[in-house]
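Colleague: I'd like a close look at a single strand of this model, please, and at what its side chains and partners are doing. After that, a tour of the other parts would help me place it.

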Amino acid sequence: MRHRKLCYIFFSVLSNVLLLASSKSTIEPCSNSDSCNALLGYKVYTELKVSEVASLFQVDPIAILTANAIDISYPDVENHILPSQLFLKIPILCSCVDGIRKSVSTHYKTRPSDTLASIADEVYSGLVSADQIREANSISDPSVLDVGQTLVVPLPCTCFNGTDNSLPAIYLSYVVTPEDTLAGIAARYTTTLTDLMNVNAMGSSAIKPADILAIPLPACASNFPSYAADYGLIVPNGSYAITASHCLQCSCGPGSLNLYCEPASLAVLCSSMQCKNSNLMVGNITAQQTSAGCNVSSCNYGGFVNGSIITTLSTSLRPRCPGPQQFPPLIAPPTSVIRDTTFAPAPSPQSDGSGTGTPQSTVPSTTSSLLPGLAPIGGPSGSSSAASSLVMPLTNFPSAVLLILCIKFAMVIL
């Protein structure tokens, strides 16, 4: 019985080591100093206020709420307590650092019980590794952390020019869970297996827990001037963004990838939102049907410059008058986590459902036209980075080898 327990402990440790060593993430090379808006897929590790989650990433609490289409009109919404394991999209700024895309604006102050592993795996839900934190902070002895020490937390992100298949897109960095399949992820985010494989330079559809994928989300892009404070604003379809010092709220969709901005419910002290030579305010649209068509006038948001809201008045003649503006549905601040089993991998997309299939190899086929680490023709120029591409998953080890390892381990212990 003791030997069996020792073997179980040995295999558990070995499995965890191999899992961590073989996890991959998509890396986008870069050569300039520009940045873009990106998203992190984050699971709240314990009950936290919205403001506490925002503090972990040094972002605006309202920006987190609007990115997840959570109604910001609720009283004291920034202090709403979010349930553990709630999945959130965290808006971040993705920069070019040391030749690759990543976010380095997040800092973490250590607590008495912290280790680099607990910070990486629990607090930041696997979006970063302990080794990455150690390297970013030049820590020689990771077993010694000073309480109150401020650490840089490098986080994964991609830009890919803000497009996917020549359409506006924002990229979500997503940590793969044990229940995930690539087909399930594609279905959940309304994309295709081919698109995900192209974006992540994958030679096969095999994924493993702790892999980090770049997922393109359709979005509404702005065309603000480069000198605007919110230059490059892009809003994922089905959500919102707050801008212009909380004076304006912009939305995307449903059914349209045209950015629409209007005064936010939080707006208090704001510059003029009225279009010149018009009585229209930002977000106002008038339509008049004539024999030649529909005359449409609209007051649009043009960016936030030196504390002022820029407005532009546009007029056009359209074949028919537009209907009422459609908005993404808002949800109340979450109080519980609903387990989504819609895309659970049972049966696996590779299986016909008649029985347990053979596990898929994580090594790309040699007959594939795609090479590991290289983007396919027509795909974004990202690459799949592995800590060790030669590490074999535990399930692929021959049984005899595992048995010998177990026996040797038990002999050493005894």
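Modeller: Here is the strand you asked for, followed by the rest of the chain.

This is a predicted model, so local features need pLDDT of at least 70 and side-chain atom pairs count only at pLDDT 80 or more, while totals for chains, interfaces and linings use all residues. Residues are numbered from 1 along each chain as its sequence is written, and side-chain values use heavy atoms, with hydrogens and water left out.

Let's take strand S6, residues 100–103. Strands (E, at least two residues) and helices (H or I, at least four) are DSSP runs, numbered from the N terminus. In a regular strand the side chains alternate between the two faces of the sheet. S6 shows this pattern: Arg101 and Ser103 point to one face and are buried, whereas Ile100 and Lys102 point to the other and are not. Buried means under 20% relative accessible area, exposed over 50%, and partly exposed in between, with a 1.4 Å probe and protein chains only.

Now for the partners of S6. Two strands pair if DSSP finds at least two bridges between them. Strand S5 (residues 87–97) runs antiparallel to S6 and is joined to it by three bridges; Cys96 has Arg101 as its bridge partner. S5 and S6 make a hairpin with two residues between them, and Asp98 in that turn has a positive phi of about 55°. S6 is also joined by two bridges to strand S9 (residues 155–156), again antiparallel, and here Lys102 stands opposite Pro156. So Arg101, on the buried face, pairs with S5, and Lys102, on the other face, pairs with S9.

Further along the chain is Ser118, in helix H4 (residues 116–123). Ser118 counts as buried because its relative accessibility is 13%. A polar atom of its side chain lies 2.9 Å from the backbone nitrogen of Thr115. Leaving out residues up to four places away in sequence, Ser118 touches Ser113 and Val123; contact means heavy atoms within 4.5 Å.

Helix H2 (residues 50–57) buries Val50, Val53, Ala54, Leu56 and Phe57. Seen down the axis of H2, these residues fall within an arc of 155°, so they line one face of the helix; the arc is that of the directions from the helix axis to the C-beta atoms. Gln58, just after H2, takes a positive phi of about 55°.

Two open sheets come later. In one, three strands are ordered S14-S15-S16 with antiparallel pairing. Strand S14 (240–243) and strand S16 (260–263) are at the edges with a single partner strand each, so one side of each has no neighbour in the sheet. Strand S15 (residues 248–251) pairs with S16 over four bridges, and Leu248 stands opposite Pro263. The other open sheet has the order S17-S18-S19, also with antiparallel pairing. S17 and strand S18 (residues 293–305) pair over six bridges, with Gly293 as the bridge partner of Thr290.

Finally, the whole chain: it has eight helices and 20 strands, and buried residues make up 40% of its 414 residues. Among contacts between residues at least 6 apart in sequence, 66% join residues at least 24 apart.

Key: A polar contact is a pair of N or O atoms within 3.5 Å; within protein, one must be able to donate a hydrogen and the other to accept it, and residues adjacent in sequence count only if both atoms are side-chain atoms.
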